[in-house]
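Work through the exercises below with the sequence and the coordinates open. Each task is followed by a solution in steps.

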Amino acid sequence: SFRIMQYNKWGWLAFWLASQVGVAEAAPQGGRATSEHDALFTYASLFCGAGIGDIGMGYLGGFCRAAVDSCGEVLDIFRRNHRATHYIHQPVENRSWWDLCHGVDMIFAGPPCPPFSRAGLQGGFEDYRGQLWTYPFLIAEHCNVPVVIIENVRGLCTGNQGRWLQEILLILKQWGWKVEVLKEDALRRGLPMRRNRVFLACTRGEGRIAERHVPLCDRHPASI
């Protein structure tokens, strides 16, 4: 079924993500968490789109307290498929809603990928959208959130001879974040498609990088 396919694609990330806050022992019985009261952890979904990644987190016990996107059409799709306390149709950089992230266990964000994708113009940081990856960390600083997960295309690692990723890692190190780079292809998750993605798993303070092995996932700890 579509639901099972989506879980195969994203469930490994949700399990790993849940382990960052020490709640990965078991998923809720009977399906996804439907409220903050029956959730194992809470998070904010930035650049949420239609909420595909949120499906896996829901099945692992996560509850999305706030979903944010500047595109009203995809936010409507998110609203039909997920129960969240707040749906915010605003740019992520608009500070008026940031306080809603106070108290969440993590931030999950998929910043725009065209600046780093071969299908786009690969403008990198010269493209304004290529600078939006900083906002999940600014919000985490503002709200004292210990875990941030960034999802993007593989070109973030390979584009510009790897300099984009190295610059991001250097900035995050200066900001006090510990980063692990995870690479995955949906084909290896059982889906009949190639979809290469990279995840930056970032922790600080009480957040921690999980020691458990993530099956079939290429792990590339940041070395700088």
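**Exercise 1. The end of a helix**

Which residue just after helix 4 takes a positive phi?

Solution. The model is a predicted one. The residue is N144, with a positive phi of about 60 degrees.

**Exercise 2. The faces of helix 4**

List the buried residues of helix 4, state how they are arranged about the axis, and name the elements they pack against.

Solution.
Step 1. Helix 4 spans residues 135–143, and its buried residues are P136, F137, I139, A140 and C143.
Step 2. Viewed down the helix axis, these buried residues fall within an arc of 160 degrees, so they line one face of helix 4. The general background is that an α-helix has 3.6 residues a turn, so residues three or four places apart point the same way.
Step 3. The packing partners of the buried residues of helix 4 are strand 1 (41–46), strand 4 (106–109), strand 5 (147–153), helix 6 and strand 7 (196–203).

**Exercise 3. Strand 1 and its neighbours**

Determine whether strand 1 is enclosed or open, then find the strands it pairs with.

Solution.
Step 1. Six of the six residues of strand 1 are buried, so the strand is largely enclosed by the rest of the structure.
Step 2. Sort the side chains by direction: F41, Y43 and S45 point one way, while T42, A44 and L46 point the other way, and all are buried. As a rule, side chains in a regular strand alternate between the two faces of the sheet.
Step 3. With strand 2 (residues 62–68), strand 1 pairs in the parallel sense over six bridges. V68 is the bridge partner of L46 in strand 2. Between these strands the chain crosses through helix 2 (residues 52–59), giving a right-handed β-α-β crossover.
Step 4. Strand 1 also pairs in the parallel sense with strand 4, over four bridges. There, M106 is the bridge partner of Y43.

**Exercise 4. The nonpolar cores**

Which members of the largest nonpolar core touch the most other members, and which helix gives the most residues to the core?

Solution.
Step 1. The largest nonpolar core has 38 residues, and L46, W97, I107, I139 and L200 touch the most other members.
Step 2. Helix 6 (residues 163–174) gives the most to this core, with five residues.
Step 3. Another core, of 16 residues, lies apart from the largest one; among its residues are A84, F108, F199 and A201.
Step 4. Take L46 as a worked case. Leaving out residues up to four places away in sequence, L46 touches V68, V92, W97, I107, F108, A109, G110, P136 and I139. In general, nonpolar side chains tend to be buried together in soluble globular proteins.

**Exercise 5. Two charged residues**

Are D54 and R204 buried or exposed, and which polar contacts do their side chains make?

Solution.
Step 1. D54 lies in helix 2. At 3% relative accessibility, D54 counts as buried, because the cut-off is under 20%.
Step 2. The side chains of D54 and Y43 are joined by a polar contact of 2.6 Å. Contacts of D54 beyond four places in sequence are Y43, S45, C48, C64, F78, H82 and F108.
Step 3. R204 lies in the loop between strand 7 and strand 8 (218–221). With 16% relative accessibility, R204 counts as buried.
Step 4. The R204 side chain reaches the backbone oxygen of A140 at 3.3 Å, and makes a polar contact of 2.6 Å with the side chain of E141.
Step 5. Residues touched by R204, again beyond four places in sequence, include A140, E141, N144, V145 and W175.

**Exercise 6. A partly exposed leucine**

Where does L100 lie, and which residues does L100 touch?

Solution.
Step 1. L100 is placed in the loop between strand 3 (86–88) and strand 4.
Step 2. Its relative accessibility is 28%, so L100 counts as partly exposed.
Step 3. Not counting residues up to four places away in sequence, L100 touches R65, H86 and I88.
Step 4. L100 and T85 are 15 residues apart in sequence, with a C-alpha to C-alpha separation of 9.7 Å.

Definitions and conventions:
Residues are numbered from 1 along each chain as its sequence is written. This is a predicted model: local features need pLDDT of at least 70, side-chain atom pairs count only at pLDDT 80 or more; totals for chains, interfaces and linings use all residues. Side-chain values use heavy atoms; hydrogens and water are left out. A nonpolar core is a set of buried Ala, Val, Leu, Ile, Met, Phe, Trp, Tyr and Cys residues joined through side-chain atoms within 4.5 Å. Buried means under 20% relative accessible area, exposed over 50%, partly exposed in between (1.4 Å probe, protein chains only). Helices (H or I, at least four residues) and strands (E, at least two) are DSSP runs, numbered from the N terminus. Contact means heavy atoms within 4.5 Å. The arc is that of the directions from the helix axis to the C-beta atoms. Two strands pair if DSSP finds at least two bridges between them. A crossover is right-handed if, with the strands pointing away from the viewer, the path from the first strand over the helix to the second runs clockwise. A polar contact is a pair of N or O atoms within 3.5 Å; within protein, one must be able to donate a hydrogen and the other to accept it, and residues adjacent in sequence count only if both atoms are side-chain atoms.
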